[in-house]
Amino acid sequence: TQAGGLVALAGRLERRPGLLALAKLANVALAMPWGFVVTFVFVRLLPLGEFRAFLLLIAFANFTVSAELGLTSIAYSRLRRERVAGEGGFDSGEIVALFWLMSGLILLGALLIGLAISLGLIATRHPILFIAFYGVSAINLLAVLARRTLAALDHNLWWEGLDFVRRIGGTALLFASLTGLPILDSVLLQLGLSILLLGMGLHCIHRSLDMAAAHWLAVGRGATHVRTHYLADFGRTGALTLFDVTAYNAPYFTIAAVTHDPRPLLLFDFAFKISRALSAVIRAVIETMLPGLTRAWFNREQAVFRANLRRCVRLILAVTAAASLAVLLLGRPLAQLIFDGHIGIAWIELVAIAALLAGLGGICLSVYLQNALGRFGALVGPSFLFLMGSLLSVPLALLLSGPFSVAFIAFYAAVHLVLALIHARMLARLEGAIA
């Protein structure tokens, strides 16, 4: 078929590392502004009070996307080990079981949001819009499963192509709502596009693993494999996911709980979106190098692994330094533009955000790499410390007599820097861990 020919072509082109890197960076260029585009559009279409509720909806969607509790990381590690070293006994039914589990989580989240709206816990005059946008965000849970499975099968480039179309289409539809397209129509069209492209990605998995249509309904076989092979790591990956997602998103709720002033929440939202953009770049850089890193790790080629890791560290340091400098130079006008003039950021706050990004680079490198290698247990301790630091940032900021926003962002940045030092030591030890 034509689609099969495109997949085969993408597979051949993927053997050129430079082309794969270019495709991933092109997607990052689209992913980086996505959160800003959402804010840019919705802050202009919703009253400020309702936009505040919308930010909490996004935070809830972020929790939903991470509700797979690291299962896709286990699946990637198992399937990659099977493909590279022929070890592990991976079964395609594992993907089926995870697919239906995650679909159920998305549906449960939609029902909870609908209930919260009906009970007045989420105050909005646009309930269908809120639920539909939750769907656009939450379907990323299934996209993560598809992306990691295709990456393990060396079909990175095919997924990058699908994701490129999704991001271009979604961004165009959002901006179209500012020029006359009803925002609900825009969001529903985004949801339809995401479902279509996800289906194309799953079809590639279906063909690559030589599955039959009936396999997608045979949940029991896959569930048995998941119970047998995933439970040993599930406690660790589940803890990691809960700790990290709460650490990154908790300030939305803790800030909202202690003050009705929108400024601290908008400041955190700006820092959050900047950090998400940087983490997307770092993930793209690491995923470009993961085929070589994982191959060297599972084949126990220590010298090759060390050389690739050091090259990866240099690239991440360069990306992080560039991001911190960009925030210092462009942060203030960018915040003015995105939030439609509702917030002005002080220089001290920009410095704190730049420091936060410096720490984030080291954290992301360590977490992404060690997850791919299946070293989940090593990450639990630092992840718990990150959670504690994030939760304490708001109450500690309240204890100071100065401006709450400045104190909070300074504490939150300090947490990132301390964790970066811990992860740097872990990466140094990782170089000799193969021997």
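I count a salt bridge when a side-chain nitrogen of Lys or Arg is within 4 Å of a carboxyl oxygen of Asp or Glu. This is a predicted model, where I ask for pLDDT of at least 70 for local features and 80 or more for side-chain atom pairs, while totals for chains, interfaces and linings use all residues. I number residues from 1 along each chain as its sequence is written, and my side-chain values use heavy atoms, leaving out hydrogens and water.

**Entry: salt bridges**

I searched the whole structure and got 11 salt bridges. I looked up Arg 80 and found Asp 154 as a partner, with 3.0 Å between the closest N and O atoms. For the elements I take DSSP runs numbered from the N terminus, helices being H or I with at least four residues and strands E with at least two. Arg 80 sits in helix α5 (residues 71–85) and Asp 154 in the loop between α8 (140–152) and α9, so this pair ties together parts 74 residues apart in sequence.

Next I checked burial, using a 1.4 Å probe and protein chains only: under 20% relative accessible area is buried, over 50% is exposed, and in between is partly exposed. Arg 80 is buried at 1%, whereas Asp 154 is partly exposed at 23%.

Then I went to helix α9. Which residue does Arg 166 form a salt bridge with? I found Asp 163, the closest N and O atoms being 2.8 Å apart. These two are 3 residues apart in helix α9, so about one helical turn separates them. Asp 163 also pairs with Arg 167, at 3.2 Å between the closest N and O atoms. Here the spacing in helix α9 is 4 residues, again about one helical turn. I noted that Arg 167 is buried at 17% relative accessibility. Another note concerns shared partners: Arg 80, Arg 83 and Asp 154 are joined by salt bridges into one network. Back in helix α9, Arg 166 is buried at 16% and Asp 163 is buried at 6%.

**Entry: cavities**

A cavity, on a 1 Å grid over the protein atoms alone, is a set of points where a 1.4 Å probe fits but cannot get out, and lining residues have an atom within 4 Å of a point. Points are joined across faces, edges and corners, and the volume is the space filled by probe spheres set on them.

I got 5 cavities of 30 Å³ or more. The second largest has about 100 Å³ of space. It is lined by 13 residues, and those closest to its centre are Lys 24, Asn 27, Val 28, Glu 160 and Arg 283. Helices α2 (17–31), α9 (156–176) and α12 (262–298) each give two or more residues to this lining.

What is the lining of the second largest cavity by class? I list 5 nonpolar, 1 polar and 7 charged residues. My classes put Ala, Val, Leu, Ile, Met, Phe, Trp, Tyr, Cys and Pro as nonpolar, Asp, Glu, Lys and Arg as charged, and the others, Gly among them, as polar.

**Entry: cysteines**

I looked for disulfides, meaning pairs of cysteine sulfur atoms within 2.5 Å, and found 0. For Cys 364, the closest cysteine sulfur is in Cys 312, 12 Å away and too far for a bond. Cys 364 is buried at 4% relative accessibility, and Cys 204 is buried at 3%.

**Entry: Gly 377**

I placed Gly 377 in helix α15 (residues 377–399). Gly 377 is partly exposed, at 38% relative accessible area. Asp 233 is 144 residues from Gly 377 in sequence, yet their C-alpha atoms are 7.8 Å apart in space.

Terms used:
On a 1 Å grid over the protein atoms alone, a cavity is a set of points where a 1.4 Å probe fits but cannot get out, and a pocket is an open set with protein on both sides within 12 Å along at least five of seven lines; lining residues have an atom within 4 Å of a point.
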